[in-house]
Amino acid sequence: MTIRSFLRTIPLVFMFPLAVQAQGLVKVTPLGGQEGEFCRFDRAMIFEDPNGTRILYDAGRTVAGAEDARLGKIDVVLISHMHGDHLGDRHNPAPNAGSCDKPDISVSALPNSGSVNIAVKTGAKIVTGSEMPSFLANKLKQAGGDEKNSVLVRFGAMQTFGGVEITTVPAAHSNGISGEFVGQRLGELLKETGITAYAGPATGYVVKFSNGLTVYLSGDTGITAEQKEVVGEYYKPQLAVMNIGDTFTTGPREAAYVINELVKPRAVIASHANEVATLNGKVIAGTKTEQFMKVTKVPVHVPLSGKTMRFDGKGKCTAGC
């Protein structure tokens with residue numbers, strides 16, 4: 001047998017073990033209101049690629065401002081839409097302020113927003129779709145940041161940041177900019193008339209990490225045809241983060257339908273439950289979170305604040321779930 005023919009009999013995994021190991025794991029760390037729990041306003045999550053690129057998704061009200069030590073290095077900030085509980089109209093004065101059912105969100109981030117303040121502090125790119133980028137560029141400039149760090153990516157496009165690919169996908173939700181974020185006389189007029197400024201349609205995201213893991217971030221949405229045709233059939237995510245809170249977004253049964261029948265990932269992280277979902281880290285009976293877990297056919301992971309979950313390229317949680 002020649003050397004060439006012998007090499008052909010050796011599986012690639014043995015010939016290139018370092019390449020396999022380099023795929024690594026994606027880390028997902030929820031930044032909620034109370035350590036080890038899943039609480040009312042919990043939205044924020046940090047996704048860390050194996051190469052170190054760190055992405056903050058929907059900072060909302062539970063990240064204690066730009067000085068929150070839990071943030072660390074942030075390369076990209078994602079904002080699904082312009083409502084205060086996602087963009088960040090106010091926030092905790094410190095991690096764990098208040099309680100799970102009565103969070104202390106007494107610190108105002110207006111008119112900048114918590115997301116803008118975090119981007120200015122960390123130098124991160126804010127990546128959004130619709131008509132949001134120009135508004136956020138002005139906010140960055142007003143807050144002392146670089147307006148060029150507001151980056152547009154609309155439906156069907158893809159931008160790459162630190163080896164991670166990001167696009168926006170449709171979400172069925174309202175997306176007005178409240179007068180409190182606009183400020184000055186126009187902001188006062190908006191508040192007086194009870195209307196909001198135009199920001200285009202709300203979005204979700206699809207994020208492709210360097211280890212092959214593709215993640216669908218639903219944002220606030222109802223059930224849409226695009227969840228099947230665009231997200232499920234084209235992007236084929238192995239992991240989803242699904243909002244389940246009802247009234248403002250899909251309820252637990254509707255969200256389960258999206259996961260089971262439309263997107264069909266291999267696992268899902270519950271989000272935006274708008275409730276005290278856990279006690280001592282365990283899901284409370286009768287909650288929307290429990291309902292979602294009961295009717296969803298794939299593994300459901302509960303985002304306990306500060307507890308890092310690790311996912312391989314196939315969407316399997318290998319630790320922390």
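This note covers one mixed sheet, two helices packed on it, and the disulfides of a predicted model.

1. Basis. The model is predicted: local features need pLDDT of at least 70, side-chain atom pairs count only at pLDDT 80 or more, and totals for chains, interfaces and linings use all residues. Residues are numbered from 1 along each chain as its sequence is written, and side-chain values use heavy atoms, with hydrogens and water left out.

2. The sheet. An open sheet is built from 7 strands, in the order E9-E10-E11-E12-E13-E14-E17. Its pairing is mixed. Strands, like helices, are DSSP runs numbered from the N terminus (strands: E, at least two residues; helices: H or I, at least four). Two strands pair if DSSP finds at least two bridges between them.

3. The edges. E9 (159-161) and E17 (300-301) each have a single partner strand, so one side of each is left without a neighbour in the sheet.

4. One pairing in detail. E11 (residues 203-208) and E12 (residues 214-217) run antiparallel and are joined by 4 bridges. Val206 has Tyr216 of E12 as its bridge partner.

5. Helices on the sheet. H9 (residues 226-235) lies across E10 (164-170), E11, E12 and E13 (239-243). Its direction is at about 160 degrees to E10. H10 (residues 252-263) lies across E12, E13 and E14 (267-271), at about 150 degrees to E13. Contact here means heavy atoms within 4.5 Å. Axes are lines fitted to C-alpha atoms, for helices over the stretch in contact; angles run from 0 to 180 degrees between N-to-C directions.

6. Disulfide Cys39-Cys100. The structure holds 2 disulfides (cysteine sulfur atoms within 2.5 Å). In one of them, the sulfur atoms of Cys39 and Cys100 are 2.0 Å apart. The link is left-handed, with -110 degrees about the S-S bond. Cys39 sits in the loop between E1 (26-30) and E2 (45-48), and Cys100 in the loop between E5 (90-91) and E6 (107-108), so the pair ties together parts that are 61 residues apart in sequence. Cys39 is buried at 3% relative accessibility. Cys100 is buried at 14%. Buried means under 20% relative accessible area, exposed over 50%, partly exposed in between (1.4 Å probe, protein chains only).

7. Disulfide Cys317-Cys321. Here the S to S distance is 1.9 Å. The torsion about the S-S bond is about 95 degrees, so this disulfide is right-handed. Cys317 is buried at 16% relative accessibility, whereas Cys321 is partly exposed at 49%.

8. Pairing pattern. With the bonded cysteines of the protein chain numbered in sequence order, the pairing is 1-2, 3-4.
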